Amino acid sequence: MLKKIPPIITPELMKIMMEMGHGDEIVFADGNFPSAAYAKRLVRCDGHTVTELLEAILPFFPLDTYAQHSVGLMSVVPGDPVVPTIWDEYKQVIATYDGKEAKIEFVERFEFYERAKKAYAIVSTSESALYANIILKKGVVVD
């Protein structure tokens, strides 16, 4: 145990975030996402939601301020009537910890899968909301 590190952040997840460099991407995947099939590095965070994990990691994880988009969300498939209200939660959490509105892009489903294959890691969660997958692009720490 360490002081001030939320216990939801597993040692493996902390190691992955520490290893990542500027521009590397990490995917936080919902429970329906085929994480094991696409991950170069898979971190399991069963029993937790994506929002809980974002709240835990964003105090430590800088988003890329140089990229056009530092956050990617899986677009709703055309014709699917789902309205992903979880995106509003993500925007609020990001604004709280990043201090500004997130630079979000919406990524077509199969393009999202391709980006996930190339991501530094995928964090598999028990998130039950549909279209709850999110890509974060790591930035730099400036003190």
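Here are four short exercises, each with a worked solution, on a predicted model.

**Exercise 1. The sheet**

Work out in what order the strands of the open sheet lie, and which strands stand at its edges.

Solution. Start with the order: the six strands of this open sheet run β2-β5-β1-β6-β3-β4, and the pairing is mixed. Now look at the ends of that list. β2 and β4 (104-107) each have a single partner strand, so one side of each is left without a neighbour in the sheet. Next, check the twist: on average, neighbouring strands are turned by 20° against each other, with direction ignored. For one pairing at the β4 end, take strand β3 (residues 71-74), which pairs with β4 in the parallel sense over four bridges. Met74 has Val107 as its bridge partner in β4. Finally, add a helix: α1 (residues 11-19) packs on the sheet and touches β1, β2 and β5. The direction of α1 makes about 140° with that of β2.

**Exercise 2. A covered strand**

Take strand β5 (residues 121-125) and find how many of its residues are buried, then identify its bridge partners for Phe28 and Leu42.

Solution. Begin with a rule of thumb: in a regular strand, side chains alternate between the two faces of the sheet. Sort the residues of β5 accordingly, with Ala121, Val123 and Thr125 on one side and Ile122 and Ser124 on the other. Both faces turn out to be covered, and five of the five residues are buried. Then turn to the strands that pair with β5. Strand β1 (residues 25-29) pairs with β5 in the parallel sense over four bridges, and Phe28 finds its partner in Val123. Strand β2 (residues 42-45) also runs parallel to β5, joined by four bridges. Here Leu42 is matched with Ile122.

**Exercise 3. Two helices side by side**

Decide whether helices α3 and α4 are roughly parallel or roughly antiparallel, and describe what their contact is made of.

Solution. First, get the geometry: the axes of α3 (residues 50-57) and α4 (residues 86-98) come within 10 Å and cross at roughly 5°. Angles under 35 degrees count as roughly parallel, so α3 is roughly parallel to α4. Second, list who meets whom. From α3 come Val50, Thr51, Leu54 and Glu55, and from α4 come Ile86, Glu89, Tyr90, Val93 and Tyr97. Third, sort these contact residues by type: six are nonpolar, one is polar and two are charged.

**Exercise 4. Rings around Phe33**

Classify the aromatic pairs that Phe33 forms with Phe112 and with Tyr113, and say where the partners sit in the chain.

Solution. Two values are needed, since a pair of aromatic rings is described by the distance of the centres and the angle of the planes. The model has six aromatic pairs. For Phe33 and Phe112, the centres are 6.0 Å apart and the planes make 75°, an edge-to-face pair. Phe33 lies in the loop between β1 and α2 (35-38), while Phe112 is in helix α5 (residues 109-118), 79 residues apart. For Phe33 and Tyr113, 5.5 Å centre to centre and 55° between the planes give a tilted pair. Tyr113 is in helix α5 too, 80 residues from Phe33.

Now check the burial. Phe33 is buried at 8% relative accessible area, Phe112 is buried at 0%, and Tyr113 is buried at 11%. As a last step, follow the ring pairs: they link Phe33, Tyr38, Phe110, Phe112 and Tyr113 into a cluster.

Methods. Residues are numbered from 1 along each chain as its sequence is written. This is a predicted model: local features need pLDDT of at least 70, side-chain atom pairs count only at pLDDT 80 or more; totals for chains, interfaces and linings use all residues. Side-chain values use heavy atoms; hydrogens and water are left out. Axes are lines fitted to C-alpha atoms, for helices over the stretch in contact, and angles run from 0 to 180 degrees between N-to-C directions. Angles under 35 degrees count as roughly parallel, over 145 as roughly antiparallel, 65 to 115 as roughly perpendicular and the rest as oblique. Contact means heavy atoms within 4.5 Å. Ala, Val, Leu, Ile, Met, Phe, Trp, Tyr, Cys and Pro count as nonpolar, Asp, Glu, Lys and Arg as charged, and the others, Gly among them, as polar. Buried means under 20% relative accessible area, exposed over 50%, partly exposed in between (1.4 Å probe, protein chains only). Two strands pair if DSSP finds at least two bridges between them. Rings of Phe, Tyr and Trp (its six-membered ring) pair if their centres lie within 6.5 Å; planes under 30 degrees apart count as stacked, over 60 as edge-to-face and the rest as tilted.
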